[in-house]
Amino acid sequence: MMNFGFQRTLAAPISVEGIGYWSDREITVTFQPAPPNTGLVFVREDLPGKPRIPVSPDFRIAIPRRTSLEKDGARVEMVEHILSALTGMEVDNCEIHVTDVEMPGMDGSALAFVEAFESVGYEIQNLPAWYWTVNDAITQRENPEEKDSGKNTVTHALSTPTLNRAVCVEPAANLEIGFEIRYGEECPIGNQTVEMVLSPEVYRREIAPCRTFVTQKEAEYFQKIGFAKRATFRDLLVFGENGPIQNTLRFPDECVRHKVLDLIGDLALLGGRLHAKVRAFCSGHDLNASLVQQIMAKKTQK
């Protein structure tokens, strides 16, 4: 890790209310300013003693299709959109007080959280921000038997659909992210690729508005087994045979941009800002978390 620039927090507390996609329960999230070097910490207001759950890979637990954290029996689920908003807007220190286990889905994007932050503004703090950098290329694949052989392998993994899912990182002066998804020509989502250099301004404009997406078959299955009973076609992007149902895309490639949103939320587990080039091929939360662990395992402090 290295430090330059200064840490940021919110200028005042701000609350957001919504419904959890999976639980259908209402939840209030209150973002509280925090002192320098606090990091990002969830606080379960509804539990005895108001337990604190730091954002760290040490507390990540594996739950399908979402990023979740647990410490000493206290859990928070589907935290990736909140963490993405905080990380994308370079909020280093924040206490996230919640009234239930699952975070609100809102419209499936991070926009409501970013707009809440902007309504109160940010405070520059008097200690340097911490940045993660990498000295060499690191690759995580869905199939661990495929060995990383450096930058050439990274490029190959991201351009060849026959290979397994992969996420890779290599040295760069800023946070650069490239992402590719492949649903095939027969699916209305299709194949999409995006590349960008991240900053709070770019995140706010290009990433925060991009919504969660599922196919109609997936949506019907989740509701059949008892989840997302209160969610509608307006609460996220549900793709039928001809595209989004009762909804309109905000970007032609909104789906892959949402995958970038999720990736940024998973990178929040680092506990500091990342300056590196990240490339992902059909990656998901588990693979993203594995990359975070590898970056931390190879850390160097400057």
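**Strands and cores of a predicted model**

Me: Let us begin with β6. How do β6 and strand β7 pair, and over how many bridges?
Reply: In this predicted model, β6 pairs with strand β7 (residues 66-71) in the antiparallel sense, and four bridges connect them.

Me: Which residue of β7 is the bridge partner of R60?
Reply: The partner of R60 in β7 is L69.

Me: What sheet do they belong to?
Reply: The sheet is open and has three strands in the order β6-β7-β8, with antiparallel pairing. Because β6 (60-63) and β8 (74-76) each have a single partner strand, they stand at the edges, and one side of each is left without a neighbour in the sheet. On average, neighbouring strands of this sheet are turned by 30 degrees against each other, direction ignored.

Me: Changing topic to β16. Where do its side chains point?
Reply: Strand β16 covers residues 237-240. L237 and F239 point one way, while V238 and G240 point the other way. In general, side chains in a regular strand alternate between the two faces of the sheet.

Me: Are those four buried or exposed?
Reply: All of them are buried.

Me: Which strands pair with β16?
Reply: Strand β15 (residues 213-215) pairs with β16 in the parallel sense over three bridges, and L237 of β16 is the bridge partner of F213. Strand β17 (residues 243-244) runs antiparallel to β16, and two bridges join them. There, F239 has P244 of β17 as its bridge partner.

Me: What joins β16 to β17?
Reply: A hairpin does so, through two residues.

Me: Now the interior. How many residues does the largest nonpolar core have?
Reply: That core has 70 residues, and F31, F42, I96 and Y203 are those with the most contacts inside it. Helix α6 (residues 254-267) gives the most to this core, namely seven residues.

Me: What does F31 touch?
Reply: Leaving aside residues up to four places away in sequence, F31 touches a group including L10, I14, V16, I82, L86, I96, F113 and F117. E95 is also among the residues that F31 touches.

Me: What lies apart from the largest core?
Reply: Another core, of 10 residues, lies apart from it; among them are Y21, W22, F222 and A231.

Me: And the protein overall: how many helices and strands, and what share is buried?
Reply: The secondary structure comes to seven helices and 19 strands. Of the 302 residues, 55% count as buried. The accessible surface is about 13500 Å², and carbon and sulfur atoms account for 49% of it.

Terms used. Residues numbered from 1 in each chain as written. Predicted model: local features only at pLDDT ≥ 70, side-chain atom pairs only at ≥ 80, totals over all residues. Heavy atoms only, no water. Buried < 20%, exposed > 50% of the residue type's maximum accessible area, 1.4 Å probe, protein only. Areas by Shrake-Rupley, 256 points an atom, 1.4 Å probe, with all protein chains shown as cover. Pairing = 2+ DSSP bridges. Axes fitted to C-alpha atoms, helices over the stretch in contact; angles between N-to-C directions. Core = buried A, V, L, I, M, F, W, Y, C linked by side-chain atoms within 4.5 Å. Contact = heavy atoms within 4.5 Å.
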